[in-house]
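Trainee: Could you walk me through reading a structure like this one, feature by feature? I would like to hear the general idea and then the case itself.

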Number of protein chains: 2
Amino acid sequence: MADESSGQPTVRSVERAFDVLEALERSDAPLRLVDLCRQVDLHPATVLRSLAVLQRRGIVVAENQTYRLGVGVLRLAHGFLVNDQLSQQARPIMQRLTAVTGLTSSLYVRSSFERVLSVRVDGNPQLHYQVPIGSWLPLYIGSGKAITAHLPEDEQEAVIAMSEGYVMASGKPIDAEHLRQDLDRIRKEGYSLTTGERNVAVAAAGAVVTNPAGDVLGVLSVSGPSEHTSDERLQQSVPELQRAAHALSGRHPYS
Amino acid sequence: MADESSGQPTVRSVERAFDVLEALERSDAPLRLVDLCRQVDLHPATVLRSLAVLQRRGIVVAENQTYRLGVGVLRLAHGFLVNDQLSQQARPIMQRLTAVTGLTSSLYVRSSFERVLSVRVDGNPQLHYQVPIGSWLPLYIGSGKAITAHLPEDEQEAVIAMSEGYVMASGKPIDAEHLRQDLDRIRKEGYSLTTGERNVAVAAAGAVVTNPAGDVLGVLSVSGPSEHTSDERLQQSVPELQRAAHALSGRHPYS
DNA sequence: ACAACTCACTTCATTAGATGAAAGATAATC
DNA sequence: GATTATCTTTCATCTAATGAAGTGAGTTGT
């Protein structure tokens, strides 16, 4: 039997290998064998065997007795990007959006209670520290709110609950009531507009992306460095942003 | 025993799960269970159990009985990018390079006999179809030659052997002798300069990136659409490109 | 300089658990 | 409505994943 008593079929050793992989994903420094063993609570021999497989596939690389992710994961990302209808269709639309507004366009895909950056087209002026592909951010901050605003009630409340305790870049914590008002406004007006919530240096406008059935898929945003990107400038870009988000929302069978 | 008779330790079920994953990575369309089974030559029940694990981790998503990669792989890519010293250090250098030259900067990392795109900073004018992160290209074409030119003799010959039969975007096949001359020139002058080899619409200059010990890590390139990017324009960018590649080559302990 | 650690990696006997045959369920095709 | 093709679950068998124990290398402390 390979079931975990809960009906969901599984394979223990595969599960364990991915525990190791995710430990490496989370870490911001190469990890030694013992570190990995402690994190995933497995016998060194077991971890080592998993690592051997991962290494042979380029998913993990070893460097004098420490382990970290390898370029193999970039290949996987590529495999995703070229197959993902949303990302594919987004690219030309976003290039146009950036060409017209001069701002950076970003497409965040919703993944449970996070959003993950899948496509970015840089504008001018460029941000000093650009967010790399795959970055994940919460749904209660910045353009994430454009997603949240269009979620079913119960999920909205779940997001609001998660925001508890988050401190914005300004130093202020999130206020649940204030957040609810924000969401109301966003739902009414059809776009979010935030400045320096997660990063003081960034101002952004966001518009929800759905499938034709209306299910929320993610958010399209335009952003720029806050010193050079006034609210007025963002406001001006909103119609073009909404047009782009709408175009993107109409075109894919499902997902 | 879990060894594959060759000394290399392994875990069969993990190996199989990654066979499934790589089948999905290669495919340019979602795959059904039977398709996967045929490709990896495994029992449907086995494939299904692996898929269940992958799905729960967001690595794979199912959509009415077909499977494809999920956003989870983007998270992994992010995990790589934020840890990879080379990519990290490259970002600001490349932003500057693009700011000065106006061309798109790309960093390809060498991975056995391929190069994988790990960082890109888009220039102006932008290419219509931008290459996504994780794209892999051969070492005998375009800026890949800047890598090959600095490889040990035997590896160079291996690359040349692989080029056999490749037809360039122009319609002409690669000529081994011509390629050798190219490599000589690149080694002497310190940069590659190619137009429309892989894609007729792209012209690019490339300079090798090494670690301080001199081992080849990859190639830094500037590129633009060939109609708007004359050889002279590329030539003008070469000194700046070399400066950037050199700066990038000096700074990381090992790898 | 030697002892006492910590950590990386290997070997191998035990038995947990991955496997695949078979059957049931579901959907597509004629 | 029967037939075929594919998806999914169940379960007995026996492979192969596991972890205890051991080796060896490297580091720290006295």
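Trainee: Let me start with the nucleic acid. How do the residues of the surface near DNA strand D divide into nonpolar, polar and charged?

Mentor: One point before we begin: this is a predicted model. To read a surface like this one, sort its residues by class, then ask who comes closest and which elements they belong to. The surface near DNA strand D holds 12 nonpolar, five polar and five charged residues. In total 22 residues surround DNA strand D, and the closest are Arg12(B), Arg32(B), Leu33(B), Val34(B) and Pro44(B). Chain A gives two or more residues from each of α1 (12–26) and α3 (44–56), while chain B does so from α1 (12–26), α2 (33–40) and α3 (44–56).

Trainee: Now the protein partners. How many residues of chain B are in contact with chain A?

Mentor: Count both sides, then look for the main contributors. Here 52 residues of chain B are in contact with 52 residues of chain A. On the chain B side, α1, α3, β3 (66–69), α4 (72–83), α5 (85–101), β4 (104–111) and β5 (114–121) each supply at least two residues. Helix α4(B) has the largest share of that side, with 11 residues. By class, the side of chain B that touches chain A has 26 nonpolar, 16 polar and 10 charged residues.

Trainee: I often see interfaces described by an area instead.

Mentor: Yes, the size of an interface is often given as the accessible area lost when the parts come together. Our description here stays with residue contacts.

Trainee: Next, a helix. Which residues of α7 (residues 153–163) of chain B are buried?

Mentor: They are Gln156(B), Val159(B) and Ser163(B). The trick is to look down the axis. The buried residues of α7(B) fall within an arc of 60 degrees, so they line one face of the helix. The face turned away from that buried side carries Asp154(B) and Ala161(B), both exposed. Among the elements covering the buried residues of α7(B) are α6 (144–148) and α8 (176–189) of chain B. Look also at what comes just after α7(B): Gly165(B) takes a positive phi of about 95 degrees.

Trainee: How should I read a sheet? In what order do the six strands of the open sheet in chain A come?

Mentor: Read across the sheet rather than along the sequence. The order in chain A is β6-β5-β4-β9-β8-β7, with antiparallel pairing. The edges are β6 (136–138) and β7 (192–195) of chain A, each pairing on one side only. Direction ignored, neighbouring strands of this sheet are turned by 30 degrees against each other on average. Then zoom in on one pair. Strands β4 (residues 104–111) and β9 (residues 216–225) of chain A are joined by six bridges, and Val109(A) has Gly218(A) as its bridge partner in β9(A).

Trainee: What lies across β7, β8 and β9 of chain A?

Mentor: That is helix α9 (residues 231–249) of chain A, running at about 20 degrees to β8 (202–210) of the chain.

Trainee: And how many residues stand between the strands of the hairpin formed by β2(B) and β3(B)?

Mentor: In a hairpin, check the pairing and then the turn. Four bridges join β2 (residues 60–63) of chain B to β3(B), running antiparallel, and Val60(B) stands opposite Leu69(B). Two residues lie between the strands, and Asn64(B) in the turn has a positive phi of about 25 degrees. Strand β3(B) has another antiparallel partner to look at, β1 (residues 31–32) of chain B, through two bridges. There Leu31(B) is matched with Tyr67(B).

Trainee: Last, single residues. Why does Val216(A) count as buried?

Mentor: Count its neighbours against the cut-off, which is 20 or more other C-beta atoms within 10 Å. Val216(A) has 20 C-beta neighbours inside 10 Å, so it counts as buried. This residue lies in strand β9 of chain A. Beyond four places in sequence, Val216(A) is in contact with Arg110(A), Ile147(A), His150(A), Leu151(A), Val208(A) and Thr210(A). For a comparison, Asp84(A) is in the loop between α4 (72–83) and α5 (85–101) of chain A, and Asp84(A) counts as buried because it has 22 C-beta neighbours inside 10 Å.

Trainee: What percentage of the residues in chain A is buried?

Mentor: Buried residues make up 43% of the 255 residues in chain A.

Key: Residues are numbered from 1 along each chain as its sequence is written. Chains are lettered from A and ligands numbered from 1 in the order in which they are written. This is a predicted model: local features need pLDDT of at least 70, side-chain atom pairs count only at pLDDT 80 or more; totals for chains, interfaces and linings use all residues. A residue is near a molecule or strand if its C-beta atom, placed from the backbone, lies within 6 Å of it. Ala, Val, Leu, Ile, Met, Phe, Trp, Tyr, Cys and Pro count as nonpolar, Asp, Glu, Lys and Arg as charged, and the others, Gly among them, as polar. Two residues are in contact if their C-beta atoms, placed from the backbone, lie within 7 Å. A residue is buried if 20 or more other C-beta atoms lie within 10 Å of its own, exposed if 12 or fewer, and partly exposed in between; C-beta atoms are placed from the backbone. The arc is that of the directions from the helix axis to the C-beta atoms. Two strands pair if DSSP finds at least two bridges between them. Axes are lines fitted to C-alpha atoms, for helices over the stretch in contact, and angles run from 0 to 180 degrees between N-to-C directions.
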